[in-house]
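Please examine the sequence and the three-dimensional model shown below. The paragraphs that follow lead through its pocket, its cavity, its nonpolar cores and its overall form.

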Amino acid sequence: MREITFVSLSILAVLLSPVGIAAGEEGERGAPWQCHIIDASSRGADGVKLFDADGDGLLDIATGWEEGGITRIYRNPGPAQVKHNWPAVTLGKTPQVEDAAWIDLERLNVRRAVVSCCEGKTRAIYVHWPPVEKPFESPWTQEVIPASQNRMMWMFAIPAKIGLDSRGGEELVAAGKGPGAEIGFFLPTADTRDLSKYQWITLSPAGWVMSLFAVDMDGDGDQDLLTTDRKGSLRGCRWLENPGAPTVIVGKQWKNHWVGGQDREVMFAHLADLDQDGLQDILFVSRAPDEVHWYRRLDKSGLKWDHSVIPFPENTGGGKGVAAGDLNGDGQLDLVLSCEHANPPKSGVVWLRGVREGNAFRWEPQEISGPRGIKYDRIELLDLDADGDLDVISCEERDQKKGLGVFWYENPLN
């Protein structure tokens with residue numbers, strides 16, 4: 001009886017909504033794109049991060065499965081096999097993992113470890129050390145960073161060249177959520193494999209960090225930290241100014257510069273030169289109202305921005321992520337949007353066709369996912385099938401009955 005009711009309500013909503021479509025049917029936003037499953041064998045896929053782990057020129061994936069309590073990497077099998085399940089390696093058990101990221105902790109510039117950020121009661125960061133060679137055939141080893149344990153609920157990690165290593169090596173920058181949440185980095189000793197000696201250096205308090213980027217925001221040649229935070233007194237989009245070596249290691253909090261969004265619940269962010277004027281802009285999603293906020297950079301200082309708002313289309317879930325790329329090959333950047341709370345018949349992934357009209361832009365909504373899926377995550381754009389257009393990679397945490405997990409949508413436009 002429950003299944004019959006669900007189908008009836010879905011059909012009714014499609015008939016009443018001008019943009020509602022069933023999977024495989026074409027509406028005003030077009031037909032859903034074909035979905036190819038990378039892996040749907042665990043529960044709670046939470047984010048995708050890309051890196052060429054085996055040096056074959058193809059970007060592979062790291063993903064934490066939050067409810068499944070594991071971290072996995074996936075080998076990109078190449079265009080001929082990319083539409084099938086990808087070969088996978090489980091790196092370890094990581095309860096309540098929220099994020100998995102590739103980082104060159106050994107500073108060898110030949111391979112990267114994977115770090116898993118865990119929230120909930122686990123409250124720890126795990127390092128998964130790669131084998132010397134053949135990362136998809138040889139076992140990995142797992143250790144916890146003692147300085148991370150019970151410090152906060154860990155949400156996000158990135159590699160950053162912030163000036164600790166004269167050779168330009170990567171440091172582990174991380175952030176959390178909830179009581180005691182901070183943004184900071186782990187200071188290693190000369191033996192970067194000895195995790196027992198890592199020290200946590202606080203750079204700023206935080207509320208609930210959604211995004212972190214290591215990027216030169218002020219044009220002075222070093223990497224600053226750009227973040228979006230959805231909760232608390234520091235919610236919004238801001239960046240922390242790198243003071244430069246040797247000041248960077250003394251533990252002094254970095255100077256904070258606001259971009260905007262302090263009056264919004266801010267979600268994932270993306271960096272792109274959306275208006276193609278040679279300056280990198282900032283895009284981020286906010287909830288209630290569900291919007292994309294475009295902060296157009298006005299100069300290289302990182303202090304002057306022009307702000308505009310792009311509303312989410314009707315019949316989508318709550319705003320989650322955004323990415324920019326030329327999906328239809330017309331030379332103009334388009335936007336891909338992901339959602340949570342996208343219960344059918346709402347769509348969880350759509351794209352906005354960018355149409356430039358003089359100095360203004362018009363954004364035309366187009367379908368990607370249809371009503372399949374409920375809670376989507378970060379978006380990556382990559383030509384996986386080597387047909388010359390950008391495909392969409394993401395993951396879905398909640399709709400286990402539909403078997404999504406980690407997947408990609410095949411771009412039909414070119």
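Which residues lie nearest the centre of the largest pocket, and how many residues line that pocket? In this predicted model, the lining comprises 31 residues, and K49, L212, F213, R378 and E380 are those nearest the centre. The pocket has a volume of about 680 Å³. Its lining draws on strands from many parts of the sequence: β2 (45-51), β6 (97-103), β10 (153-160), β14 (209-215), β18 (265-272), β22 (318-325) and β26 (380-382) each contribute at least two residues. In terms of chemical class, 20 residues of this lining are nonpolar, five are polar and six are charged.

An enclosed space may be considered next. The structure contains one cavity of 30 Å³ or more, and the volume of the largest cavity is about 40 Å³. Around the largest cavity are L105, R107, E170, E171, L172, F186, P188, T192 and Y198. Five of these lining residues are nonpolar, one is polar and three are charged.

The nonpolar interior can be approached through its most connected members. The largest nonpolar core has 40 residues, and within it L225 and L335 touch the most other members. When neighbours within four places in sequence are set aside, the contacts of L225 are I158, A160, V173, I183, L203, F213, A214, R238, W239, L240 and W254. Among these partners is F213, a residue that also belongs to the group nearest the centre of the largest pocket. Apart from the largest core lies another, of 20 residues, including V115, W154, A174 and F186. F186 of this other core is also one of the residues lining the largest cavity.

The overall form remains to be described. The protein has one helix and 28 strands. Its radius of gyration is 21 Å, close to the 22 Å that the globule rule gives for 414 residues, and the protein is therefore as compact as a globular protein of that length. The C-alpha trace spans about 65 × 50 × 40 Å along the principal axes. Of the 414 residues, 58% are buried, where buried denotes under 20% relative accessible area. Considering contacts between residues at least 6 apart in sequence, 50% join residues at least 24 apart.

How values were computed: Residues numbered from 1 in each chain as written. Predicted model: local features only at pLDDT ≥ 70, side-chain atom pairs only at ≥ 80, totals over all residues. Heavy atoms only, no water. 1 Å grid on protein atoms, 1.4 Å probe; cavity = no way out; pocket = protein on both sides within 12 Å on 5 of 7 lines; lining within 4 Å. Points joined across faces, edges and corners; volume = space filled by probe spheres on them. Helix = DSSP H or I, 4+ residues; strand = E, 2+ residues; numbered from the N terminus. Nonpolar A, V, L, I, M, F, W, Y, C, P; charged D, E, K, R; others polar. Core = buried A, V, L, I, M, F, W, Y, C linked by side-chain atoms within 4.5 Å. Buried < 20%, exposed > 50% of the residue type's maximum accessible area, 1.4 Å probe, protein only. Contact = heavy atoms within 4.5 Å. Rg over C-alpha atoms; globule rule 2.2 N^0.38 Å.
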